[in-house]
Amino acid sequence: MKGTIYLDFDGTLHNTSKIYAKALNKGLKEMASKGWIDFSEVEEDEVKKYLGCTKKEMWNHFLPNLEEEKKKAGSQWVAQGLLEELNGPKEYLYPNVLESLEKIKDLGYTLVFLSNCSIEYMDKVKEKYQLQVFFTDFLCEGAFPGCSKGEIITYNKDKYPKGYAMVGDRHHDMEGAKEHSLLPIFCTYGFGEKGEGEGCISISSFEEILDHI
């Protein structure tokens with residue numbers, strides 16, 4: 001085995017912004033129906049900055065003054081909306097993702113899924129795209145509440161061959177790479193701001209990863 005590559009999901013393998021916007025608006029409508037907020041539809045471009053964040057980070061930025069219990073309820077409605085969207089036949093993987101994952105695995109790397117998502121979301125995308133064919137393990141913030149990606153790697157790294165790279169589109173991913181001296185590969189096509197990948201290897205499509213490993 002050549003080493004372990006940790007891969008983010010949303011904004012790295014999966015173009016989630018459209019279904020996230022739909023799910024968030026469904027959740028906001030539920031919250032408005034209870035009189036908690038005034039509903040104003042959120043556009044797809046606006047939600048991109050929240051993809052890759054933890055639920056806590058998202059709500060603290062989006063509705064910082066809302067009570068914690070209402071944020072938790074909102075998260076549940078948004079999560080339900082995401083799962084409903086993923087139950088449909090449409091697929092949202094970026095071009096050539098599955099083919100590239102197969103090539104990376106064939107090169108001898110161990111692949112580990114690492115996302116700030118919930119367990120339910122992780123299990124759903126694993127099932128929808130049959131990701132277990134490519135990944136040795138699946139890790140998410142939902143299983144390690146409040147932990148950064150670097151901390152999640154710390155708790156699990158001894159299960160895999162020596163870490164080689166971290167691939168993602170947000171500062172959370174690049175910080176995890178730095179913490180563990182991993183090759184930082186930043187996906188410019190994802191949802192992060194340009195500065196989040198400063199000093200990292202940049203790729204403009206997922207298959208470009210093959211040029212750097």
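This is a short tutorial dialogue on reading a predicted model.

User: Let's start with the strands. Which strands does β2 pair with, and in what sense?

Analyst: Keep in mind that we are looking at a predicted model. To read a sheet, pick one strand and look at its partners. Here, β1 (residues 3–7) runs parallel to β2, joined by five bridges. Tyr6 has Val112 as its bridge partner in β2. Strand β3 (residues 137–140) is also parallel to β2, with four bridges between them. In that pairing, Ser115 is matched with Cys140, and the chain gets from β2 to β3 through α6, in a β-α-β crossover that is right-handed. You can also find Leu114 opposite Leu139 of β3.

User: Are the faces of β2 buried or exposed?

Analyst: Side chains on a strand can be sorted by the side they sit on, so check each side in turn. On one side of β2 are Tyr109, Leu111, Phe113 and Ser115, on the other Thr110, Val112 and Leu114, and all of them are buried. That is seven of seven residues. Try β3 the same way: Asp137 and Leu139 point one way, Phe138 and Cys140 the other, and again all are buried.

User: How do I read a helix, then? Which residues of α5 are buried?

Analyst: An α-helix has 3.6 residues a turn, so residues three or four places apart point the same way. Now look at α5 (residues 97–106), where the buried residues are Val97, Ser100, Leu101 and Ile104. Viewed down the helix axis, they fall within an arc of 105°, so they line one face of α5. Those buried residues pack against β1 and β2. Just past the end of α5, Gly108 has a positive phi of about 105°.

User: What about the nonpolar core? Which residues touch the most other members?

Analyst: In soluble globular proteins, nonpolar side chains tend to be buried together. In this model the largest nonpolar core has 51 residues, and Phe9, Tyr20, Leu24, Leu111, Phe113, Phe135 and Phe206 are the ones that touch the most other members. Helix α1 (residues 17–33) gives the most to this core, with seven residues. For a closer look, take Phe135: leaving out neighbours within four places in sequence, Phe135 is in contact with Leu7, Leu13, Leu101, Leu111, Val112 and Phe113. Apart from the largest core lies another, of 11 residues, including Val112, Leu114, Ile152 and Ile153.

User: Loops look harder. Where is Ser118, and what does Ser118 touch?

Analyst: With a loop residue, ask about place, cover and partners. Ser118 sits in the loop between β2 (109–115) and α6 (119–129). Its relative accessible area is 19%, and the cut-off for buried is under 20%, so Ser118 counts as buried. A polar atom of the Ser118 side chain lies 3.1 Å from the backbone nitrogen of Tyr121. Not counting residues up to four places away in sequence, Ser118 touches Cys140 and Gly142.

User: Can we do one more loop residue? Is Thr16 buried or exposed?

Analyst: Sure, same steps. Thr16 is in the loop between β1 and α1. Thr16 counts as buried because its relative accessibility is 1%. Its side chain makes a polar contact of 2.9 Å with the side chain of His14. Setting aside neighbours within four places in sequence, the contacts of Thr16 are Asp10, Leu51, Tyr121 and Phe191. Notice that Tyr121 turned up with Ser118 too, through the backbone nitrogen.

Key
Residues are numbered from 1 along each chain as its sequence is written. This is a predicted model: local features need pLDDT of at least 70, side-chain atom pairs count only at pLDDT 80 or more; totals for chains, interfaces and linings use all residues. Side-chain values use heavy atoms; hydrogens and water are left out. Helices (H or I, at least four residues) and strands (E, at least two) are DSSP runs, numbered from the N terminus. Buried means under 20% relative accessible area, exposed over 50%, partly exposed in between (1.4 Å probe, protein chains only). A polar contact is a pair of N or O atoms within 3.5 Å; within protein, one must be able to donate a hydrogen and the other to accept it, and residues adjacent in sequence count only if both atoms are side-chain atoms. Contact means heavy atoms within 4.5 Å. Two strands pair if DSSP finds at least two bridges between them. A crossover is right-handed if, with the strands pointing away from the viewer, the path from the first strand over the helix to the second runs clockwise. A nonpolar core is a set of buried Ala, Val, Leu, Ile, Met, Phe, Trp, Tyr and Cys residues joined through side-chain atoms within 4.5 Å. The arc is that of the directions from the helix axis to the C-beta atoms.
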